[in-house]
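This report describes one pair of helices and one group of strands. The sequence and the structure are shown first.

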Amino acid sequence: MEAKVQKKHQRKHSGRKAEKKSRKQNEQESDARKRNPRAFAVQSAVRMARTFHRTQDLKTKKHHIPLVDRTPLEPPPIVVVVVGPPKVGKSTLIRCLIKNFTRQKLSDIRGPVTIVSGKKRRITFIESGSDISSMIDLAKVADLALMLIDASFGFEMETFEFLNICQVHGFPRIMGVLTHLDSFKNNKVLSKTKKRLKHRFWTEVYQGAKLFYLSGMVYGEYQTQEVKNLGRFISVMKFRPLVWQTSHPYVLADRMEDLTDPETIRQDPKCDRTVSLYGYLRGTYMKNKSQVHIPGVGDFAVGDLSFLPDPCPLPETLKKRALNEKERLLYAPMAGVGGVVYDKDAVYIDMPGGHVKQQDNAGPTTELVQSLIGTHATLDSKMAASKVSLFSGTAALSQDDVEEDSMQQPTESHVWDPKTHRERRKAVFTGEEEEDDHDDDDDDEEEEEEEEDEEYNEEDENEVEIEKTDPPMKRLKLEQRKEMEETPAFADSDDELEKSEDDEEDEEERGTGNGDSGHCSEDNDDDYGSEEAESGTEDDDNKEISDMEEDVASGTNGQRSKASSGQEEEDEEEEDQSYSTAGSLRWKEGLAEKAAEVFLRQQRAAPNLRKLVYGTVVEEEEEEGEEDEEVGGLFRVSRPEKGKRRRADGLDCSRFEPDDSHDWEQEEMLASIRDCFVTGKWEGNTDAATLLKEDDEIYGDFEDLETGEVHKAPANNDDDDQAEGGSDLDHEDEEEPQVKVDDTEAQKNKRLEKKKRLKERFDAEYDDGDATYFDDLKEEMHKQAELNRAEFEDVDDETRVQYEGFRPGMYVRLEIPSLPCEFVTNFDPHYPIILGGLGGSEGNVGYLQMRLKKHRWHSKILKTRDPLILSLGWRRFQTIPMYHIEDHNGRHRLLKYTPEHMHCGASIWGPITPQGTGFLAVQSVSGTQANFRIAATGVVLDLDKSVTIVKKLKLIGYPCKIFKNTSFVQGMFNSVLEVAKFEGASVRTVSGIKGQIKKALRTPAGAFRATFEDRLLMSDIVFLRSWYPVTVPRLYNPVTSLLLPAGQKDTWTGMRTVGQLKHDLGIRNQPNQDSLYKPVVRQPRKFNKLHIPKELQKALPFKSKPKQTQPKARTPRDLQRPAVIREPHERKVAALLSALSTVYNHKKKASRVKQHTAHKEFLKQKDRAEEEKMRRLKDVKKKMYQLMGQKEKKKQKSSLKGASKD
């Protein structure tokens, strides 16, 4: 029995049920705000304002000043500097990261190591030493700094020093890495240490700075997962451009080669060396022959700058998700890794020792390399000894046989052009000098014009595009012919030797080549035929002008060109056949004759100035014969351009001849220019009447608010339209039929459309939504970056370099002459070599005004005139600063020492550096010190000597004569001239009496008259406070640490301070005698008796009146006590009494001492008894309290049990 098929339920689309369902579904889909608006209403205005402010603050915090993105399409590798104190794991971390990215092991980390980390990113790792010089140099070029911290020890001074260096020279991205975490056995101590170090790291860098933890080591390496996480962060990190790096080109050298002639080194081992340094160019564009500074060596001029193929290129295809093994490149020449390295003049092949010994299993690659290494004769000598037999049975030809028949090739000389900033290759012929001696003055002028044309044409020598105006079939033939064609054996100039494909195609199209072979030296220019050798750009311009003239003059040119096209195709076919049939050495036939013809043609090609000036010149007969030149004995070559050139040369340029090629009597010619005038028909967007009509339609009626006058728009009828311009109503599209005036509906619709378009334009302009000024600025910067990138996008590197310089990201080779020999002999790859490009004026030395502050962690204050080592720009140098501070009146007063917690000014003699550049100062770069090494930081303010530093000078004098308030002072000056200079100056005494210098006295020399507020005393000292200008010492001593021997590069010592010199030489300070304290000898002063007038005595009270005390009379002699003279017996009695009293006093004193000792002993016994008593009392109390406690406890127990039964 067949199963019954159940009928599907059909939903109702209409009716009450369907409406209810659709209404319910719409309610569910609607927003909750619409369903319940009261729930989303504003409950608190304060809270809403606070939330809004917080949202805006968060948005504003993300804002930064947008900069134009100048990074090239292939940016240079990012520089990752691994910094930290010694023995913290820097080399181990670099090895682990290299293994993570490239799957290769690198045993010794020496110099920069460049790897390909991803599809669009490369990384250069470099290890920083603990010496302050390496830290300073690498902080200037670092994009990312990995700061390794020993967690078991804590932060060390090197970490904080590097952070302060980065704060001054531009803060790169910083990431902390904690190592030695496996030394913690207690997890609680470990977590506390992590937290403490993290918060301290955040304090120094910024809140939320990334801090990685490397928990432990396995087989001498960090754990794979932790290293992988660190590598991921490095691979995706974004970098903010730093001002100094983006405004200066610089190269972190990863390879060095000595190019000095070995014979010169053998004769003089101390001679200056020519060195080539290699590395990726970073920062901004760099020009050839520019100035560079090598920190640790000095300033040098680049002898030659060129770019090489990238030794560590990015992968070509980006479709894969990950890199394959071949694309995981590692390039570290200083560490012996890099494979095959291509140079400008050599190729270096890295052959490890293990590969050379495996001779049995040698593959084809190894055999090729071994054959190259074992070659004893050069390729030139082999080619010279070789012989070639062209046909079977003929004698073999050697190089000497061929050179006998050939013309000598031009020699190449390199000439530097200062205008275009590039090296030009000039072809010099041996016979040119002899021919130049016989030339006239006119020929010299012609040669100068030709050289200018060659220079103009040489800039486009690398263009290889085929012109788009050629037909496709002809272009194909030209490309096939160009593949077969070889370099011309002889050319008129460098431009023809390296001719562009465009010029060659034009020559071949015109069929002006020699019929014998395609390698002839005739110049087939566009306009001037086979006789002329002018630049290609001028020919193109002249051709366009002449073509325009011919087109206007008559319409027959098109027919003539069509007729000649068939002839040109036949010429091309014949030339193709000549290519295939010509022998391989046929182009060498008759080179001497061809060279002579070319030279004569060059002489005739230039315009005849004599004919232009004087009007009549005897024409050469050869020119007429050349016009009817035959090709292959069948065809004649018509050269209308040559005759046109002659007519142009013979034309008098001072007179204007009207062009009578147009017949202005014809109505067609007049009608063709009728619309160029006001009365003609203009387009709709430029016709004034139409524009006024549109304004009335758009804006309609309006009222003048000042006058109240109402302006009505004109009515749309036939009469008004005819009066305002007839049928020129709207010409938006000439092909559309004009709108009828009586069709008011269509006019209304048209006006509505215009209003709608205007409103849309207005809305797009003003209603940008959430767009802000910041967004507009970012968009503008983005457009500028796209414009910069698209300017030279389609130009090859050789041409781009000539215009814009070497761009960042290129792998460049810098040849630097005159380097000190110590740089090569003492080269150590563990120290970085940086070539920093200098600006236009940064190579000069002058006065610099700075703002400086002593670092708060530095232990000593800085003293004026003590030498200080500054890191400013790319340089590290020693100089003598003068510290000063600005007073309220603008005077810059010299300071002996820097303030403790304040900024002060500093003036130095040093290299000119842009204003706003930060710097740091250290007192010594030799060795490591126990305390903080950075002495001061600051910024450059001015680059001139506008600030005059003055110091206080006190001149002292003594009064020699005093007349009331006027005194004569001497000893302050030495001559009348000095006094005259200080006339009117204010002086002062030690007691505070102010005065003024009036005039000099004749005698004694240097004395002057001065007036004071009060009368002086002869004992007063007069002094004059003056300000004396101080000159800044001119000391600029670059730190040449890289020239020191290996192992001693951190021991550079420059000029020592006075204190260091005295300490090293054992000299003690001799005190100034004037500064020593002397005994003060004061002469007793006699004061006169106080004299009070009698009238004043009467007014005084009695106690203040002077008393009339009578002086005591002299005691009479009879009343004076006479002297007693004792008898001998009396003297004996007095002596006995004195002896008895002495004995009594001694006994009394001894008994008092004995009594005191006994009393002390008694007190001690009493204290001991008291202590014994207290101890016994304490024991008794203790026993009593114990009994009381036991009794109390029993009472509590009994109370808990209840009353007893009995």
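Two strands count as paired if DSSP finds at least two bridges between them. The model is predicted, and the pairing of its strand E27 is described here before a helix contact.

**Strand E27 and its partners**

Strand E27 covers residues 868–872. Its partners are listed below.

| Partner of E27 | Residues | Sense | Bridges | One bridge pair |
|---|---|---|---|---|
| E28 | 875–879 | antiparallel | five | leucine 870 with phenylalanine 877 |
| E32 | 918–922 | antiparallel | four | leucine 872 with phenylalanine 919 |

E27 and E28 form a hairpin with two residues between the strands. Glycine 873 in this hairpin has a positive phi near 65°.

Which residues of E27 point one way, and which the other way? Leu868, Leu870 and Leu872 point one way, while Ile869 and Ser871 point the other way. All of them are buried. Because five of the five residues of E27 are buried, the strand is largely enclosed by the rest of the structure.

**Helices H4 and H8**

Helix H4 spans residues 90–102 and helix H8 spans residues 224–236. Their axes come within 10 Å and cross at roughly 80°. H4 is therefore roughly perpendicular to H8, as angles of 65 to 115 degrees count as roughly perpendicular.

On the H4 side, the contact is made by Leu93, Cys96, Leu97, Asn100 and Phe101. On the H8 side, the residues are Val227, Lys228, Leu230, Gly231, Ile234 and Ser235. By class, the contact of H4 with H8 has seven nonpolar residues, three polar residues and one charged residue.

Methods:
Residues numbered from 1 in each chain as written. Predicted model: local features only at pLDDT ≥ 70, side-chain atom pairs only at ≥ 80, totals over all residues. Heavy atoms only, no water. Axes fitted to C-alpha atoms, helices over the stretch in contact; angles between N-to-C directions. Parallel < 35°, antiparallel > 145°, perpendicular 65-115°, else oblique. Contact = heavy atoms within 4.5 Å. Nonpolar A, V, L, I, M, F, W, Y, C, P; charged D, E, K, R; others polar. Buried < 20%, exposed > 50% of the residue type's maximum accessible area, 1.4 Å probe, protein only.
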